[in-house]
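Biologist: I'd like a close look at one part of this model, with the surroundings explained as you go. Please start with the overall picture and then zoom in.

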Amino acid sequence: IVARPDSRDALAGGVIASINGKTLVVFTRKGEQLKVDASQSVVFERGSADATLADLRVGGPVTVLGIRNSDGTMTAQLIGQGNLPGLGGRR
């Protein structure tokens with residue numbers, strides 16, 4: 001079970017700039033470069049189908065739900081390529 005964080009800062013979306021092991025770099029819609037630790041993610045989804053980190057592609061759209069760390073990185077709880085279920089169609 002993944003609990004949705006209270007803070008809207010815990011939701012980020014954009015385009016995958018790079019994937020290195022279990023770390024993603026995402027160019028967000030706000031124009032920032034966000035480093036995402038995907039090692040503790042519970043579920044990866046692509047559309048409505050289950051997927052794995054290996055299914056994510058550089059250049060693809062991504063939505064990350066997780067915890068913003070004090071150093072500006074994010075620890076992902078849920079990563080989706082495209083829209084995540086239950087987030088009102090945000091991309």
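How much area does the protein expose, and what percentage of it do carbon and sulfur atoms supply? After that, please take me through strand 7: what pairs with it, and is it mostly covered or open?

Modeller: The protein exposes about 5,300 Å², with carbon and sulfur atoms supplying 49% of that; areas come from the Shrake-Rupley method with a 1.4 Å probe, and for residues only the protein chains shown count as cover. Before we zoom in, a word on ground rules: this is a predicted model, so local features need pLDDT of at least 70 and side-chain atom pairs count only at pLDDT 80 or more, while totals for chains, interfaces and linings use all residues. Residues are numbered from 1 along each chain as its sequence is written, and side-chain values use heavy atoms, with hydrogens and water left out.

The protein has zero helices and seven strands, where both are DSSP runs numbered from the N terminus: H or I over at least four residues for a helix, E over at least two for a strand. Of its 91 residues, 40% count as buried, meaning under 20% relative accessible area, with exposed being over 50% and partly exposed in between (1.4 Å probe, protein chains only).

Now for your strand. Strand 7 covers residues 74-81, and seven of its eight residues are buried. One partner is strand 6, antiparallel to strand 7 over six bridges; two strands pair if DSSP finds at least two bridges between them. Within that pairing, Ile79 in strand 7 is the bridge partner of Val64, and Thr75 in strand 7 is the bridge partner of Ile67. The hairpin linking these strands has five residues between them, and Gly72 there takes a positive phi near 90 degrees.

Thr75 also takes us to another partner, since Asp37 stands opposite Thr75. Strand 3 and strand 7 run parallel and share two bridges.

One step further out, strand 6 (residues 61-68) is joined by five bridges to strand 1 (residues 11-20), again antiparallel. Val64 shows up here too, with Ala12 opposite it.

What about packing? The largest nonpolar core has 15 residues, and those touching the most other members are Leu24, Val36, Leu56, Val64 and Ile79. Strand 7 gives the most to this core, with three residues. By nonpolar core I mean buried Ala, Val, Leu, Ile, Met, Phe, Trp, Tyr and Cys residues joined through side-chain atoms within 4.5 Å. Leu56 reaches strand 7 as well: leaving aside neighbours within four places in sequence, its contacts (heavy atoms within 4.5 Å) are Ile16, Ile19, Leu24, Phe44, Ile79 and Gln81.

Finally, strand 6 carries one end of a salt bridge (a side-chain nitrogen of Lys or Arg within 4 Å of a carboxyl oxygen of Asp or Glu). Arg68 makes it with Glu32, with the closest N and O atoms 3.3 Å apart. Arg68 is in strand 6 while Glu32 is in the loop between strand 2 and strand 3, so the pair ties together parts 36 residues apart in sequence. Arg68 counts as partly exposed, at 30% relative accessibility, and Glu32 also counts as partly exposed, at 31%.
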